[in-house]
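Q: Please take a close look at a single part of this structure, and then relate it to what else is known of the model. A connected account would be preferred to a list.

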Amino acid sequence: MATVKFDEATRLYPGNDKPSVDRLNIDIEDGEFLVLVGPSGCGKSTSLRMLAGLEEVNAGKIWIGDRDVTNLSPKDRDVAMVFQNYALYPHMSVADNMGFALKIAGVDKGEIRKRVEEAAKILDLSQYLERKPKALSGGQRQRVAMGRAIVRSPQVFLMDEPLSNLDAKLRVQTRTQIASLQRRLGVTTVYVTHDQVEAMTMGDRVAVLKDGILQQCDSPRHMYDHPNNVFVAGFIGSPAMNLLDVQAGDGGVDVGGSTVPVERARLAGASGGNLTLGVRPEDLELTTEGQGIPVTVDVVEELGADAYIYGSTKARQHIEADDDNDAPEKPFIARVDGRRPPKKGDTVYLAPKQGHLHLFDAESGARLGD
Amino acid sequence: MALNITASRPDPALLDLPWELPLETWPEDNLAALPRGISRHVVRFVKLSGRVLAVKEIKADIAEREYQMLRVLNRLEVPCVEPFGVVSGRLDRQGNALDACLITRHLQFSLPYRALFSQSLRPGTSSRLIDALAVLLVRLHLTGFWWGDVSLSNTLFRRDAGAFAAYLVDAETGELHQTLSHGQRDHDLDIARVNIAGELMDLEAGGYLEAGTDPVDTSNQIVTRYAELWAELTELERFERGDRWRVDSRIRRLNDLGFDVDELSISTDFDGTHIQIQPKVVDAGHHSRRLLRLTGLDVEENQARRLLNDLDSYRASQDRQNDDEEIVAHEWLTRVYEPITRAVPRDLAGKLEPAELFHEVLEHRWYMSERAGHDVPIEDAIQDYVATVLPSKPDEATVVGVDTVEMPVVAMFDDL
Ligand SMILES: Nc1ncnc2c1ncn2[C@@H]1O[C@H](COP(=O)(O)OP(=O)(O)OP(=O)(O)O)[C@@H](O)[C@H]1O
Ligand SMILES: Nc1ncnc2c1ncn2[C@@H]1O[C@H](COP(=O)(O)OP(=O)(O)OP(=O)(O)O)[C@@H](O)[C@H]1O
Ligand SMILES: [Mg+2]
Ligand SMILES: [Mg+2]
């Protein structure tokens, strides 16, 4: 088991003018489950591959434990890419299917048996070790394949979108199983996904990348409550955080004609009067006219205990520089009490709950205040 | 959703296949019983408009990706199966969605390794398969293709004058890069080594492996064979100015390995005492291209080498060394090659490809001549071969009835 360290790790593909991963710094703890997440092309696979030894590192270093592995070949790094296409062999027993790679590596028989039995116990396969894979269920077969990686007892597991070929239902099921298995094994794991929900439910910590640059690396809770910048704020969470372009005013910010109060100290770091206000749909409360953000209700979605309203405000929805400018304006979303939802066409006044208002500098996108 | 077919030249008859049924339950009369390797997805062969297609049931986005990848690989002229199309938007009779299907053309006369091992084998078959796979892997790597799932199961083999030629069949995990890093090539090799060892151990456990073959030793051969070939094809060679013959000798060695050198860089040291050469662009198919140009025959590399040798002896025997090569080649084709390959009765024609048959007949003549103590005419050799050897060969255009295995690994921890 080991720590992993990306130390200013940079990858510039030949022919590109911009690094695909730019001075990445992440310290991963021993036994930690770290998820790399971000939109397509942000550099998550490249980061993982640098760790695996599949992509050259052009600058910076990569450490596994106290070993500098930057220039080591993949097989000398003691990492295992899990959920690669593992085949099962029909004539071989489950035990042999799990242990044969150790035989190739020259591990002696007694040791192989011991490791296979240990892995089988963790995977709940002990009573099937002498069976042939044909006699197993689909899930058991999957675990045998997983066992192949486990018996090698690598220092780090690497997984790149392992669930991408499953349908939605199986994905949800499988991701909790992987996470719980990883915790039982306690092997440091780096996991790549483009799905922020997957990232937030699985990771001890989540690292968000954009354009090859690390935006934030934090526990899911802290990232959700304290996004470092407007990109992370908009990327993490579903439905997404409402982000509005607003102006600093007296005693607060001006949102579509009404004032949302903000302590003066919080605005101290702003580079000008232009700000982006963020508030999650579940962090809003209905209040009275003149108090909160005026929202005209377009659609009401009733879900029993809760209802979601989709509406519009006079304030401008924040648009990221590389967003599609022609995309239809995103609605303003709020979660309200399902027993007394407003009606379509109503104007409601919504105030951010205490401590749940996020502010970002419009210029840099950086978070203002704590 | 309506059924959606992506294909460069769609065959309307595709619409007649029972897409509303899971592939596993397709009726026998649609299917061709040909052998397959180990796979996680359901794969079936179907007969359609006089050809055989391989159908693999797989998620739509993966099917589409693999289809496009195979198209690119075909364009790059790497030996691989030919993509035919993707069928998506399938619904069963209850209206439930079914996975998409990737369709490829069945590679004629190809043999999955498991089918080879269920026949009586010449010793050293495993080694010859691995040699062929090493050549394929080097070729793929030279074009920038990282396979990600190198295995005997994901390769098809065709007989090639006593050796084998390897074709890529499963491009699901593959990626095309500008060039591959050392780490990427290493990783592919490591995957190959582990998979091959596993596959040979599996044959051993099933009692199919040739006696005296050690799975681990044999699987290690992929690494050494690959390294030798890679070095010969890419390495910088440095020698003294006087040894200029070494340029020519390098090119010849590459030709012998079946490669043409399209670009060779030559440079001298500052002081001009040494020369450095390095192949920059090499192209497989040295012999097969030459044979194709001379005769129009499109055959595997070793078969071509064999045929060219026979053509050379024909030229010598006819005292035609000074005549135009193409004219003599044409004569050889009509007077030697075609009469032999046509001497096979129709009902035995599915046994071997013509070029492989020609190779076998040459071998047969050699044994007959040795026994007789004098040269046996080729006409006698073919007669004897057709009478005594060919009938007992399996039908390899369409081998049937071998152990084939599907091992779906559903990623579901159902009872953990
Ligand atoms: N071999 C390559 N040569 C040149 N550019 C590359 C190469 N591989 C990736 N890139 C570029 O590097 C960037 C990061 O790619 P990477 O595959 O790491 O992204 P990703 O976050 O994993 O995306 P996805 O979710 O789409 O897989 C992209 O802009 C991509 O186009
Ligand atoms: N075009 C073809 N011609 C001949 N045989 C084919 C063809 N396509 C597939 N096969 C056979 O079917 C088998 C399974 O196909 P393939 O490897 O694509 O399936 P898979 O489920 O993706 O495999 P894996 O488990 O390795 O991912 C192959 O080993 C091969 O024997
Ligand atoms: Mg396969
Ligand atoms: Mg596959």
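A: A salt bridge is counted here when a side-chain nitrogen of Lys or Arg lies within 4 Å of a carboxyl oxygen of Asp or Glu. By that rule, two salt bridges are found across the interface of domain 3 and domain 4 of chain B, in a model that is predicted. In one pair, B:Asp260 forms a salt bridge with B:Arg289, and their closest N and O atoms are 2.6 Å apart.

The domain assignment places this interface within the chain. Chain B is divided into domain 1 (4-106), domain 2 (110-233), domain 3 (235-284) and domain 4 (287-343 + 353-392). The C-alpha centres of domain 3 and domain 4 of chain B are 33 Å apart. Seven residues from domain 3 and four residues from domain 4 of chain B take part in the contact. About 350 Å² of area is buried between domain 3 and domain 4 of chain B, and carbon and sulfur atoms give 23% of that area.

Elsewhere in chain B there is a metal site. The magnesium ion (ligand 4) is coordinated through OD atoms of B:Asp170, listed twice, and OE of B:Glu172, at 2.0 to 2.8 Å. B:Asp170 also bridges this ion and the magnesium ion (ligand 3), the two ions lying 3.9 Å apart. Because buried means under 20% relative accessible area, B:Asp170 at 11% is buried, and B:Glu172 at 10% counts as buried as well.

B:Asp170 leads on to the nonpolar core, for it is among the residues in contact with B:Trp147 when neighbours within four places in sequence are left aside. That list for B:Trp147 also includes B:Leu133, B:Leu136, B:Leu137, B:Leu140 and B:Leu168. Within the largest nonpolar core, which has 57 residues, B:Trp147, B:Phe157 and B:Leu168 touch the most other members. Helix H3 (residues 125-142) of chain B supplies the largest share of this core, nine residues. A second, separate core has 46 residues, including A:Val35, A:Val206, A:Val208 and A:Phe235.

The last of these cores turns attention to chain A. Chain A has eight helices and 22 strands, and its C-alpha trace spans about 75 × 50 × 35 Å along the principal axes. Of the 370 residues in chain A, 53% are buried. Among contacts in chain A with a separation of 6 or more, 68% join residues 24 or more positions apart.

Methods. Residues numbered from 1 in each chain as written. Chains lettered and ligands numbered in written order. Predicted model: local features only at pLDDT ≥ 70, side-chain atom pairs only at ≥ 80, totals over all residues. Heavy atoms only, no water. Donors = N, O, S within 2.8 Å, 3.2 Å for Na, K, Ca; no water. Buried < 20%, exposed > 50% of the residue type's maximum accessible area, 1.4 Å probe, protein only. Core = buried A, V, L, I, M, F, W, Y, C linked by side-chain atoms within 4.5 Å. Helix = DSSP H or I, 4+ residues; strand = E, 2+ residues; numbered from the N terminus. Contact = heavy atoms within 4.5 Å. Domains from an automatic or database assignment. Buried area = accessible area lost by both parts, 1.4 Å probe.
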